Amino acid sequence: MRVRKLFPVGPVLLAIMALATLAGGQQSTRQLAANAGESAAPDPTFTRDVLPILQENCQVCHRPNGANMGGMVAPMSLGTYEEVRPYAQKIATFVEARYMPPWHASPAQHGLFKGERVLSQAEIDTIVGWVRSGVSEGDPADAPPPVSFASDTSGWAIGEPDLIVQFDQPYLVGDDVVDEYVDIEVVIPAEMLPEDKWIKAVEFRPGSSVVHHIIANPLGGIAPGYEPRIYDDGYSRLLRRGTVVTFNMHYHKEAGEGTAVYDQTMVAVTFYEPGEKIQYVVESDMLGTLDFVIPANDPNYSDMAFYLFRKDAHILWFNPHMHLRGKAARYVVTFPDASQQLLLEVPEYDFNWQETYRFKEPVFVPRGTRIDLTLWWDNSADNPSNPNPNRDVRWGRPTTDEMGFGFVTFVDVEPRHDIIVGEELPRDLRRRTRR
Ligand code: HEC
């Protein structure tokens, strides 16, 4: 890869690149533009005005069995008036501050990405107005029908899995553990995956609350804030028969007697059906920086990396990744004619929300286009997440050290017409001599 500083760590980190898959489903249908220019509902009631906003913007996480986003599980259900009322004040505060729903791309970029979790000003005003005017319940007959989610029936946001890969036996995370990194290999038996299959969706389920993040080569992985990922129709990656899934687990907890936990993490996969066509084989690459030193107490340390496209491509999505001192991220492309475009700006990076920024319209980049990634860290005491401002910080796996990379996921511009699920793979995709 053509990167200034490349990670020498190979498969472990390469696996993360596959993290970046899609989260389709309920939220992607949001129509932000439709809300623009509207004004807040007068005399808002819960059933008529507030509940529809919660259904559309909050319930995917805030409900029983809500989305488990890499260990981040929303603390309460926001389904009924009784459930919402005790949180009304907090909800008003959080939505006004735009802390909920969580979304970290710059407001200037709203409209660019799929599944943007953003309330319109009118929606915020409606919620705040409802709380200030005394949280009236309203007429139950005004309430919209409840929304159902895929995981209500199957337990999985991606629907009924075709394959579940799980540790063969529970792993004990001992009393004295604060941070533990362990690689757990699970062979996918031939009966479960008799042939190479095209992945439609992947969803991880951490087996305990101490899972901090998972990288599961070659299925991807999760870190806090990741959503289950569902590929758009016609887009896929191949899962090879005989794959050994290596779960690179990061466990994190307080140490102490009686804190030991058994973990048996699993990942579920759905596949395309025979006869379906795959037009785009999804690829990822990463750009990052490895040999940085963030000085103690530096509030605004920055480093860069770039990536050069060697073929015409459509960019599907980006994932910036830093740790607790991560502050901001920016991706800018420079086209071969020297014109530039800002593609992603994350002005307030939050380690807890490792988001995937999926373009509504894949971005065309001709061969020779360069992406520059700029990352910023805050190693000062003003960063509330900073575990220790008085230390120079280098690259390292623990969250108390730092990382600095961005992933870019793309496809060839030309759709393929030679991949039909269930039929023999085209020559270029046939298995070489690999596991
Ligand atoms: C993508 C998942 C997700 C969505 C969507 C979401 N939340 Fe949350 N919410 C969380 C998680 C996880 C937490 C706990 C961690 C945190 O506070 O960051 C949380 C915390 C909260 C809290 C604080 C609860 C407490 O007692 O500390 C409030 C209030 C809240 N959310 C309201 C909302 C509202 C209102 C919406 C919709 C407008 C919403 N959330 C949308 C995941 C989500």
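**Exercise 1. Find the residue of β23 that stands opposite Ala305, and place the pair in its sheet.**

Step 1. Ala305 faces Leu373 in β23. Strands here are DSSP runs of E with at least two residues, helices are runs of H or I with at least four residues, and both are numbered from the N terminus.

Step 2. Look at the strands around this pair: β18 and β23 (residues 370-377) run antiparallel and are joined by 8 bridges. Two strands count as paired if DSSP finds at least two bridges between them.

Step 3. Now widen the view. An open sheet of 4 strands has the order β18-β23-β20-β21, with antiparallel pairing. Its edge strands, β18 (301-308) and β21 (340-346), each pair on one side only. From one strand to the next the twist averages 15 degrees, where axes are lines fitted to C-alpha atoms (for helices over the stretch in contact) and angles run from 0 to 180 degrees between N-to-C directions.

A word on the model before we go on. This is a predicted model, in which local features need pLDDT of at least 70 and side-chain atom pairs count only at pLDDT 80 or more, while totals for chains, interfaces and linings use all residues. Residues are numbered from 1 along each chain as its sequence is written.

**Exercise 2. Work out how strand β20 (residues 326-334) is joined to β21.**

Step 1. The two strands run antiparallel, joined by 6 bridges.

Step 2. Pick one pair to check on your screen: Arg330 has Glu345 of β21 as its bridge partner.

Step 3. Follow the chain round the hairpin of β20 and β21: there are 5 residues between the strands, and Ala338 takes a positive phi near 80 degrees.

**Exercise 3. Decide how enclosed strand β25 (residues 404-412) is, and find its partners.**

Step 1. Count burial. In β25, 8 of the 9 residues are buried, so the strand is largely enclosed by the rest of the structure. A residue is buried if 20 or more other C-beta atoms, placed from the backbone, lie within 10 Å of its own, exposed if 12 or fewer do, and partly exposed in between.

Step 2. List pairings. Strand β16 (residues 283-288) pairs with β25 in the antiparallel sense over 6 bridges, and Leu287 stands opposite Gly406. Strand β19 (residues 313-322) is joined to β25 by 9 bridges, again antiparallel, with Met322 opposite Gly404.

Step 3. Zoom in on Val411, which lies in β25. Val411 is buried because 20 other C-beta atoms lie within 10 Å. Not counting residues up to four places away in sequence, Val411 touches Tyr235, Tyr280, Val281, Val282, Glu283, Ala313, His314 and Leu316. A contact requires C-beta atoms, placed from the backbone, within 7 Å. The C-alpha atoms of Val411 and Asp312 are separated by 8.8 Å, although the two are 99 residues apart along the chain.

**Exercise 4. Is Asp392 buried or exposed?**

Step 1. Locate Asp392 in the loop between β23 and β24 (393-394).

Step 2. Asp392 has 11 other C-beta atoms within 10 Å, so this residue is exposed.

Step 3. Check the contacts: beyond four places in sequence, Asp392 meets Val293, Ile294, Pro295 and Ala296.

**Exercise 5. Describe the shell around the ligand.**

Step 1. The ligand is surrounded by 21 residues, the closest being Cys58, Cys61, Ala74, Met100 and Pro101. To be near, a residue needs its C-beta atom, placed from the backbone, within 6 Å.

Step 2. Sort the shell by character: 17 residues are nonpolar, 2 polar and 2 charged. Here Ala, Val, Leu, Ile, Met, Phe, Trp, Tyr, Cys and Pro count as nonpolar, Asp, Glu, Lys and Arg as charged, and the others, Gly among them, as polar.

Step 3. Sort it by element: β2 (72-73) and α5 (88-96) each supply at least two residues, and α5 gives the largest share, 4 residues.

**Exercise 6. Judge where to trust the coordinates, using pLDDT.**

Step 1. pLDDT is the predictor's confidence in each residue, from 0 to 100. The protein chain averages 85, and 87% of the residues score at least 70.

Step 2. Confidence is lowest in helix α1 (residues 11-17), with a mean of 31, and highest in strand β17 (residues 293-294), at 98. Over residues 1-36 the pLDDT is below 50, yet this stretch has 89 contacts in the model beyond near neighbours in sequence.

Step 3. Where pLDDT is low, the predicted coordinates should not be read in detail.

Technical notes:
Contact = placed C-beta atoms within 7 Å.
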